[in-house]
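Dear colleague,

I am writing to hand over the structure shown below, together with an account of what was found in it. Please read the notes that follow with the sequence and the model open beside them.

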Amino acid sequence: MIERNIKGGTGVLIKYKRNWEVKSSEITSEKMFKTRRKFLRAALSSAIAIGPSPIFGATQGKTNIVSTQSNVGKKYLANNDEPTDYQSITQYNNFYEFGTGKRDPAENASKFKTRPWAVQISGACEKPGTYGVEDLINFDQLEERIYRFRCVETWSMVVPWVGIPLSKIIDRVSPTSHAKYVSFETLHDPKQMPGQREPVLNWPYKEGLRIDEAVHPLTLLTVGLYGALLPNQNGAPLRIIIPWKYGFKSIKSIVRIHFQADMPVTSWSESNSNEYGFYSNVNPDVSHPRWSQTKERRIGEFFKRPTLLFNGYGELVADLYQGMNLERWY
Ligand code: MTE
């Protein structure tokens with residue numbers, strides 16, 4: 001499956017860095033990926049210094065991955081949880097611009113044009129402007145981050161994302177002291193995005209973060225998964241991933257990043273503020289008004305598992321919310 005998807009890629013070479021103690025390898029398939037993961041995990045747990053790992057075969061198709069030494073710390077990983085299979089990650093999606101059914105995005109986004117792509121950066125920063133994806137992101141600096149990903153609808157996955165910390169882009173444009181928040185917008189193009197012809201949300205999809213959340217090292221500006229470019233249904237050509245927040249904060253196909261003093265309006269809180277707050281940190285103790293958040297169903301597993309506060313990343317992010325009442329600021 002992954003090979004077929006990779007063959008359908010756009011011909012862009014992704015280079016990315018990882019910082020395992022092991023020098024990295026080329027990924028060609030999910031099976032290879034998992035084999036290598038087991039190998040790396042064994043190496044890490046026994047803390048043996050080892051040399052470069054073998055190259056696992058030739059990369060299939062056009063969207064190759066050339067990996068070098070890693071930059072990614074172990075702390076960014078999803079414990080030892082196995083990544084969810086590629087097919088589920090790319091066929092079970094929420095991307096309402098392409099329909100509200102889970103299979104709609106994969107079906108309806110195949111012709112979505114993601115190059116050329118420009119991102120407008122505006123508001124309280126010293127270097128506003130319109131940046132092409134390739135100008136914005138140094139593809140030599142990509143990292144792989146394997147994160148737990150928890151949807152507000154109570155399913156979860158483990159996804160090997162590829163991207164760069166959002167902080168690198170934010171640093172580049174030098175926000176001013178007025179930049180307390182960052183807002184993001186998805187492309188608005190009803191011709192290409194059939195879901196936008198329906199009033200499901202007040203389009204374009206909008207999200208926002210407090211500036212300290214946006215520059216947190218876990219927040220990833222993401223261009224790929226499983227070592228290949230993002231499939232359109234997962235938010236190509238670039239989206240953000242904030243692994244301690246419910247999935248809807250992780251806005252897809254971004255065309256605008258805006259720095260501002262006030263808390264931004266976000267699509268879901270605008271459409272239903274009783275159900276969706278600005279923060280949306282994963283929190284088993286704060287129920288959604290229509291369902292409990294205490295448990296989640298990991299895609300591919302039968303039994304539900306308990307949901308963890310901050311999706312299990314509390315050690316790394318709880319400081320951001322010190323002194324805040326998380327029931328009030330849900
Ligand atoms: N971004 C846009 N533009 N439109 C959307 O409908 N859905 C959100 C988020 N980002 C969404 C979006 C929701 S509800 C989830 S759970 C995740 O994307 C799903 O990401 P995935 O399809 O890659 O798993």
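I begin with one pair of residues. Ile121 has Gly129 as its bridge partner in strand S4. Please bear in mind throughout that this is a predicted model.

The pair belongs to the contact between strands S3 and S4, which run antiparallel and are joined by 4 bridges. A hairpin of 5 residues leads from S3 to S4. On S3 there is also a contact with strand S12: S3 covers residues 118-123, S12 covers residues 254-260, and the two run parallel with 4 bridges between them. Within that contact, Ser122 has His258 of S12 as its bridge partner.

How do these strands fit into the sheet? They belong to an open sheet of 5 strands with mixed pairing, in the order S4-S3-S12-S7-S8. At its edges stand S4, residues 129-132, and S8, residues 206-210; each has a single partner strand, so one side of each is left without a neighbour in the sheet. On average, and with direction ignored, neighbouring strands of this sheet are turned by 20 degrees against each other.

Two cis peptide bonds may be noted here, since the loops that hold their prolines adjoin strands of this sheet. One runs from Arg115 to Pro116, with omega near -10 degrees. Pro116 lies in the loop between helix H4 (104-108) and S3. The other joins Trp203 and Pro204, with omega at about -5 degrees. Pro204 has its place in the loop between strand S7 (181-186) and S8.

A further set of pairings involves strands S6, S13 and S14. S6 and S13 pair in the parallel sense over 2 bridges, and the bridge partner of Trp155 in S13 is Arg297. S13 pairs with S14, residues 305-306, in the antiparallel sense, again over 2 bridges. In that pairing Glu296 stands opposite Arg305 of S14. S13 and S14 form a hairpin with 6 residues between them, and Gly300 in the turn has a positive phi of about 95 degrees.

Which residues of S13 lie on its covered face, and which on its uncovered one? Glu296 and Arg298 make up the covered face of this strand, residues 295-298, while Lys295 and Arg297 make up the uncovered one.

Positive phi values also occur in residues other than glycine. Thr154 has a phi near 80 degrees, and its place is the loop between strand S5 (142-150) and S6. Its relative accessibility is 18%, under the 20% limit, so Thr154 counts as buried. Phe310 has a phi near 55 degrees and is found in the loop between S14 and helix H9 (314-317). The relative accessible area of Phe310 is 4%, and this residue is buried as well.

Is Asn234 buried or exposed? Asn234 is buried, because its relative accessible area of 2% is under the 20% limit. The residue is found in the loop between strand S10 (228-229) and strand S11 (239-241). Its side chain reaches the backbone oxygen of Ile89 at 3.0 Å.

Finally, I turn to the open space in the model. Rolling a probe the size of a water molecule over the atoms shows where empty space is left. The second largest pocket holds about 470 Å³ of space. It is lined by 28 residues, and the closest to its centre are Asn94, Cys151, Tyr205, Gly247 and Phe248. What is the make-up of this lining in nonpolar, polar and charged residues? The lining divides into 17 nonpolar, 6 polar and 5 charged residues. Strand S6, residues 155-165, gives the most to the lining, with 4 residues. S6 is thus a strand to view in two settings: it contributes to this pocket, and it pairs with S13.

When you open the model, I would suggest beginning with the sheet and its order S4-S3-S12-S7-S8, then passing to the hairpin of S13 and S14, and then to the second largest pocket.

With kind regards

Definitions and conventions. Residues are numbered from 1 along each chain as its sequence is written. This is a predicted model: local features need pLDDT of at least 70, side-chain atom pairs count only at pLDDT 80 or more; totals for chains, interfaces and linings use all residues. Side-chain values use heavy atoms; hydrogens and water are left out. Two strands pair if DSSP finds at least two bridges between them. Axes are lines fitted to C-alpha atoms, for helices over the stretch in contact, and angles run from 0 to 180 degrees between N-to-C directions. On a 1 Å grid over the protein atoms alone, a cavity is a set of points where a 1.4 Å probe fits but cannot get out, and a pocket is an open set with protein on both sides within 12 Å along at least five of seven lines; lining residues have an atom within 4 Å of a point. Grid points are joined across faces, edges and corners, and a volume is the space filled by probe spheres set on the points. Ala, Val, Leu, Ile, Met, Phe, Trp, Tyr, Cys and Pro count as nonpolar, Asp, Glu, Lys and Arg as charged, and the others, Gly among them, as polar. Buried means under 20% relative accessible area, exposed over 50%, partly exposed in between (1.4 Å probe, protein chains only). A polar contact is a pair of N or O atoms within 3.5 Å; within protein, one must be able to donate a hydrogen and the other to accept it, and residues adjacent in sequence count only if both atoms are side-chain atoms.
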